[in-house]
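Visitor: I'd love a close look at one part of this structure, the open sheet. Could you walk me through how its strands are arranged, and then show me a little of what lies elsewhere?

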Amino acid sequence: MNLKFLGAREGKYSYFNAKAFMIHFQQNFKGVAKLAKKSKRLRKMVMSSLITSVAAATIAGGAFASPPDHSNAGGKKSPSVEAHVKPTIKIGQRLFKDLNANGKLDPYEDWRLSTEKRVADLLPRMSMEEKAGIMQITSLSKTAINDYINNRHIRYLIIRDNPSAKALAERANEYQEIAEASPLGIPIVFTSNPRNNINEQNEFGISEASGQFSTWPGTLGLAATRDLSLIRDFAEIAAAEWRAAGIQKNYGYQIETATEPRWRRISGTFGEDPSLNAKIAKELVLGFQGEELSNKSVAQTVKHFPGDGAVVRGLDPHNEPGQFATYPTAGSLYKYQLPPFQAAIDAGVSSVMSYYNAPKNEGSAAQLPRELWQSETKQFEEVAGAYNKTLLTDLLRDRMGFKGYVNSDSGVLTNRDWGVHNLTIEQKFAKAIDAGTNIFSDNNDPSGLISAVKQGLIEVKDLDPSVSQLLTEIFNLGLFEDPYTDPTEAQNIASSEKSQAKADKAHLKSVTLLRNNKGMLPLTDKKVATTKLYVEVFSGSNSDSRTAALKEIIAKEDPTVKIVNTLSEATAAVVWLRPSPFEFPDNSTVDIKLGTNTGIDVARVKQIEEKVPTTLVINMTNPWVIDEVEPGAAAVVATYSVKAEALLDVLRGRFNPTGKLPITIPANQDAVEKNASDVPGYAEKFDYTYTNAAGDDYTFGFGLNYKK
């Protein structure tokens with residue numbers, strides 16, 4: 001053995017402390033120690049060599065010196081660095097991207113530095129036009145992608161189509177190469193609305209896509225499980241799927257409290273309880289982002305601050321008749337609307353989306369601290385959330401401690417500019433930025449912002465806080481080092497049976513048993529053996545196709561069930577109602593009473609119930625007015641956009657229902673008309689709640705099981 005190897009050679013062990021060296025010595029030189037026992041001279045040589053080595057290590061770096069930058073020892077691992085277009089720079093064992101291709105390592109390219117230092121270096125390198133461009137986020141366009149990246153300098157893109165995970169990753173890689181080739185090499189952040197939940201209608205701004213990743217129940221269904229651990233699993237699984245497919249930012253989730261039963265976007269929320277919503281908001285942020293943003297995170301944009309649930313008569317704030325939010329109950333904003341947002345902020349959410357609405361003074365009780373009022377008699381500035389400095393700066397940032405960036409909702413610069421319609425595009429940009437908005441959604445034209453700077457309405461330095469926050473997110477997501485992903489691996493992750501098994505558990509746990517006083521459920525094997533089952537789905541124009549699909553699933557999953565095609569043959573029935581809210585053409589209100597407007601043939605449902613014992617299943621995307629159809633059923637079950645297989649397992653008794661109502665069901669239409677739009681159903685001051693024949697109130701948190 002070459003004993004000279006034991007000596008201290010320059011740099012060899014300079015990054016080991018004495019303890020580490022002794023461990024290394026013991027593990028690798030046991031043979032030398034054995035020999036040393038037999039020879040006094042050899043023993044002296046070994047000890048001398050050891051002392052020399054330890055001394056050299058101590059002198060070179062101190063007894064507990066850190067590894068040098070060029071080494072991966074001591075846990076200082078390099079991040080993944082992948083360049084497709086630009087050159088790289090290697091320093092020792094460390095690899096860096098030369099993003100501006102100037103042949104040297106600039107601070108913004110050096111991942112060893114803090115994000116703050118990197119942003120500070122990159123910011124002055126950007127032109128005013130580049131800064132204006134990065135403050136826009138727009139829908140992805142294949143035909144315009146080069147223009148968006150190279151001419152308009154846009155780096156935030158919204159995916160609205162529904163390709164496979166592999167196709168998403170392949171396209172993302174292609175577009176990231178275009179961004180990498182740009183002068184500063186600033187990467188793209190791909191954004192999407194939720195993609196993992198079943199949605200009755202994939203609506204713009206709610207959920208444009210589903211079915212390509214693990215498929216979970218609707219968000220109300222997740223809330224109905226009351227299983228925060230499962231919700232964390234959902235967020236972590238979805239984050240892994242998205243990130244692998246090249247999506248790094250989520251326009252979600254709607255954590256606002258659903259207080260107006262006619263609001264058409266309740267299906268995208270987690271229900272009406274601010275406490276439960278706050279707990280879920282925390283799990284979502286930590287599940288998607290982690291404790292802090294990293295190269296494994298999907299940044300969250302929770303929405304719509306300060307809570308879109310208090311809409312007037314349920315009218316859609318996308319449209320002018322629904323532009324106002326009113327708060328008729330004193331203190332409701334702080335009590336019911338803000339807690340979920342505070343929880344998301346405390347968990348470190350990356351961004352918050354403002355609501356379209358303009359808060360209205362008329363009809364609103366006192367909500368804000370007096371020092372935030374516009375005047376002695378005027379509480380709110382009646383302008384949309386993106387322009388509302390009191391809401392975004394005074395409340396969200398100063399009072400609630402939000403440190404991230406504010407993302408406007410789509411179209412606030414054009415046709416959803418409530419309260420600022422008479423301003424020029426330049427004035428709108430200036431007012432919104434002054435209010436605290438940092439990025440403008442679904443806007444692909446930064447020229448208005450550029451013009452505002454040139455007109456002197458905004459100074460270039462006024463853009464820097466917004467650009468700094470956006471760059472901070474991009475750096476923290478690890479995109480400057482490696483924006484690329486493996487398409488094959490992306491598809492493997494998206495198709496994981498293990499992930500879908502978790503999702504299937506959520507489907508099962510969400511199904512809520514509301515009434516079973518006649519003992520119809522579960523449909524045991526014994527009952528099924530003598531049952532001729534009639535099945536019908538009611539969902540407006542889709543009723544026939546959905547009925548056929550449900551029958552097919554039952555036949556495939558449970559062939560022992562005998563399905564008949566006519567009611568006259570049947571001895572029992574399962575009826576699944578899947579209504580949709582209906583906004584009247586005159587914009588007067590929204591109808592949530594089961595009937596023709598909502599897609600339900602009430603007379604037919606009652607006919608079935610009168611003919612045979614019927615299990616009435618109601619898909620609760622809103623708290624429907626069910627007083628006409630509920631009493632005649634033998635059993636009543638609530639779902640929240642779940643897989644039919646999960647419903648079947650519950651009806652057959654293979655899973656004992658555990659779901660709890662995330663919303664309160666109104667007693668009748670009169671209760672809906674009298675409701676306070678800013679208060680949850682369970683907190684109404686009158687007898688608001690529907691009570692069934694067994695004496696049970698269908699209020700938030702109610703749900704039965706099959707008693708053993």
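Guide: Happy to! In this predicted model, the open sheet has 8 strands, paired in parallel and ordered β11-β9-β7-β6-β5-β4-β3-β12. At its edges stand β11 (405-407) and β12 (440-441); each has a single partner strand, so one side of each is left without a neighbour in the sheet. Strands of a sheet pair through backbone hydrogen bonds, in either a parallel or an antiparallel sense.

Let's stay with the β11 edge for a moment. Strand β9, residues 351-354, pairs with β11 in the parallel sense over 3 bridges. If you want a place to rest your eye there, V352 stands opposite V406 in β11.

From the sheet, we can move on to the largest pocket, with a volume of about 550 Å³. It is lined by 25 residues, and the closest to its centre are R243, N295, K296, G478 and D482. Helices α4 (115-122), α9 (228-244) and α16 (460-476) are the elements that give two or more residues to this lining. By character, the lining residues divide into 9 nonpolar, 9 polar and 7 charged.

One last stop is T615, which lies in strand β19, residues 614-619. With a relative accessible area of 0%, T615 falls under the 20% cut-off and therefore counts as buried. Leaving aside residues up to four places away in sequence, T615 touches M520, L521, A573, V574, V575, A635, V637 and L651.

Technical notes:
Residues numbered from 1 in each chain as written. Predicted model: local features only at pLDDT ≥ 70, side-chain atom pairs only at ≥ 80, totals over all residues. Heavy atoms only, no water. 1 Å grid on protein atoms, 1.4 Å probe; cavity = no way out; pocket = protein on both sides within 12 Å on 5 of 7 lines; lining within 4 Å. Points joined across faces, edges and corners; volume = space filled by probe spheres on them. Helix = DSSP H or I, 4+ residues; strand = E, 2+ residues; numbered from the N terminus. Nonpolar A, V, L, I, M, F, W, Y, C, P; charged D, E, K, R; others polar. Pairing = 2+ DSSP bridges. Buried < 20%, exposed > 50% of the residue type's maximum accessible area, 1.4 Å probe, protein only. Contact = heavy atoms within 4.5 Å.
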